[in-house]
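Biologist: I would like to learn how to read a model like this one. Could we go through it feature by feature?

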Amino acid sequence: MLPRENGHEEPVIRDNRKIDPETGQARETATVPQEVPGDVLDPQDGELAAQLAERTADLQRVQAEYTNYRRRVERDRVAVREQAVAGVLGELLPVLDDIGRARDHGELTGGFAKVAESLESALTKLGLSSFGQKGDPFDPTVHEALMHSYSPDVTEPTAVEVLQPGYRMGDRVLRPARVAVAEPEDAPAASNDDEN
């Protein structure tokens with residue numbers, strides 16, 4: 001405020017509008033250079049340079065921690081979603097088994113067939129896939145052997161019958177395929193020769 005002649009202060013009004021109200025044209029903004037004391041920008045000041053380096057390192061560390069936190073949260077979010085979907089799919093496997101048995105016996109007809117197809121389609125979209133075919137080589141990581149026999153028709157342990165298909169979601173096995181396994185007949189003869 002500026003002092004007036006009558007002793008009262010007069011207000012100072014500054015027009016900071018970017019557009020001149022009389023002409024409607026944009027005003028040119030004048031930038032007033034701020035004066036900085038010379039000792040603040042003095043590169044010889046070691047203490048100030050050390051503080052600046054320390055603050056910069058702190059900011060970089062905080063930014064790295066935040067980036068790592070954000071990645072970890074996103075990774076955890078994906079893992080929780082996959083676990084939830086796998087849990088629901090695991091609960092629906094007996095329903096798929098019943099649908100498969102009904103299809104094998106020719107009982108899957110009419111409206112129920114459409115419902116079964118819709119359910120199977122929806123589960124496939126969620127990433128569910130079945131595996132385990134007759135003739136597959138036996139793999140204990142994806143097969144569960146319920147029966148065992150010997151056969152001259154196989155050269156390695158082989159799934160000769162699929163009792164229940166296996167299911168996986170992506171690379172995750174939700175249920176192993178339950179199979180009957182046959183091994184080559186020469187395996188027991190070799191073990192008998194070892195005993196003699």
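Modeller: Keep in mind that this is a predicted model. Let us start with one residue: Arg 175 is buried, with a relative accessible area of 9%.

Biologist: What makes a residue with a relative accessible area of 9% buried?

Modeller: The cut-off: a residue is called buried when its relative accessible area is under 20%, and exposed when that area is over 50%. At 9%, Arg 175 falls on the buried side. Asp 97 is buried too, with a relative accessible area of 7%.

Biologist: Which residue forms a salt bridge with Arg 175?

Modeller: The general idea is a side-chain nitrogen of Lys or Arg within 4 Å of a carboxyl oxygen of Asp or Glu. Here the partner of Arg 175 is Asp 97, and the closest N and O atoms are 2.7 Å apart. This pair links distant parts of the chain, since Arg 175 is in strand 7 (residues 172-175) and Asp 97 is in helix 1, 78 residues apart.

Biologist: How many salt bridges are there by this rule?

Modeller: The count comes to seven. Another of them joins Glu 120 to Arg 103, with the closest N and O atoms 3.1 Å apart. That pair also links distant parts of the chain: Glu 120 belongs to helix 2 and Arg 103 to helix 1, 17 residues apart. Both ends are partly exposed, Glu 120 with a relative accessible area of 25% and Arg 103 with 40%.

Biologist: What separates Arg 77 and Glu 74 in helix 1?

Modeller: They are three residues apart in that helix, which means about one helical turn lies between them. They form a salt bridge, and their closest N and O atoms are 2.8 Å apart. Arg 77 is exposed, at a relative accessible area of 51%, while Glu 74 counts as partly exposed at 40%.

Biologist: Now the helix that holds Glu 120. What span should the 16 residues of helix 2 have?

Modeller: At 1.5 Å a residue, the expected span is 22 Å. The end C-alpha atoms of helix 2 are 23 Å apart, which agrees.

Biologist: Which residues of helix 2 are buried?

Modeller: Ala 113, Ala 116 and Leu 123 are buried. Seen down the axis, the buried residues of helix 2 fall within an arc of 95°, so they line one face of the helix. On the other side, Gly 111, Lys 114, Val 115 and Lys 125 are exposed.

Biologist: And where is Leu 119 found?

Modeller: Leu 119 is in helix 2, and it is partly exposed, with a relative accessible area of 25%. Its C-alpha atom is 9.7 Å from that of Leu 92, a residue 27 positions away along the chain.

Biologist: The last feature is the pocket. How much space lies in the largest pocket?

Modeller: About 390 Å³. To read a pocket, look next at its lining, which here has 17 residues. Leu 96, Asp 97, Gly 100, Pro 165 and Tyr 167 lie nearest the centre of the pocket. Asp 97 is the residue that forms the salt bridge with Arg 175.

Biologist: Which element gives the most to the lining of the largest pocket?

Modeller: Helix 1, with six residues. Helix 1 (46-104), helix 2 (110-125), strand 3 (128-131) and strand 5 (158-164) each supply at least two.

Biologist: What is the lining of the largest pocket by class?

Modeller: Seven of the lining residues are nonpolar, five are polar and five are charged.

Methods
Residues are numbered from 1 along each chain as its sequence is written. This is a predicted model: local features need pLDDT of at least 70, side-chain atom pairs count only at pLDDT 80 or more; totals for chains, interfaces and linings use all residues. Side-chain values use heavy atoms; hydrogens and water are left out. On a 1 Å grid over the protein atoms alone, a cavity is a set of points where a 1.4 Å probe fits but cannot get out, and a pocket is an open set with protein on both sides within 12 Å along at least five of seven lines; lining residues have an atom within 4 Å of a point. Grid points are joined across faces, edges and corners, and a volume is the space filled by probe spheres set on the points. Helices (H or I, at least four residues) and strands (E, at least two) are DSSP runs, numbered from the N terminus. Ala, Val, Leu, Ile, Met, Phe, Trp, Tyr, Cys and Pro count as nonpolar, Asp, Glu, Lys and Arg as charged, and the others, Gly among them, as polar. Buried means under 20% relative accessible area, exposed over 50%, partly exposed in between (1.4 Å probe, protein chains only). The expected span of a helix is 1.5 Å times one less than its number of residues. The arc is that of the directions from the helix axis to the C-beta atoms.
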